[in-house]
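Me: I am new to this structure. Please show me how to read its features.

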Amino acid sequence: MYPLKIRDVTLGEGRPKICIPVMGKDKEEILRQARIAAAAPSDLIEFRADAFAQILEKGQISPVWESLRLILGDKPLLFT
């Protein structure tokens, strides 16, 4: 296994990393959770898109992703 560097976090070496999941059925809930997660001590955030009701609708995920990126700043963001 090779280490994977995402921004300032290296997965696969050093101490175990703390990841906070963010999931919600709509954009407002997702962004509310992201604000809470951004303030919490963690190494990275996971956006669990499987709960997002509009995930399959064209043009719906990009605005959410862009807003998440703004809220989280440089904190690594996983999309699952």
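Me: What should the 13 residues of H1 span, and how far apart are its end C-alpha atoms?

Reply: This is a predicted model, where local features need pLDDT of at least 70, side-chain atom pairs count only at pLDDT 80 or more, and totals for chains, interfaces and linings use all residues. Residues are numbered from 1 along each chain as its sequence is written, and side-chain values use heavy atoms, with hydrogens and water left out. Helices (H or I, at least four residues) and strands (E, at least two) are DSSP runs, numbered from the N terminus. The expected span is 1.5 Å times one less than the number of residues. For H1 that gives 18 Å, and its end C-alpha atoms are 19 Å apart, which agrees.

Me: Which residues of H1 are buried?

Reply: Buried means under 20% relative accessible area, exposed over 50%, partly exposed in between (1.4 Å probe, protein chains only). In H1, Ile 30, Leu 31, Gln 33, Ala 34 and Ala 37 are buried. They cover an arc of only 160° around the axis (taken from the directions from the axis to the C-beta atoms), so they lie on the same side of H1. The face turned away from them carries exposed Glu 28, Ile 36 and Ala 39.

Me: What do the buried residues of H1 pack against?

Reply: Contact means heavy atoms within 4.5 Å. The buried residues of H1 pack against S3, S4 and H2.

Me: What is the strand order of the open sheet?

Reply: Two strands pair if DSSP finds at least two bridges between them. Here the order is S3-S4-S5, with parallel pairing. S3 (19-22) and S5 (77-79) are at the edges with a single partner strand each, so one side of each has no neighbour in the sheet.
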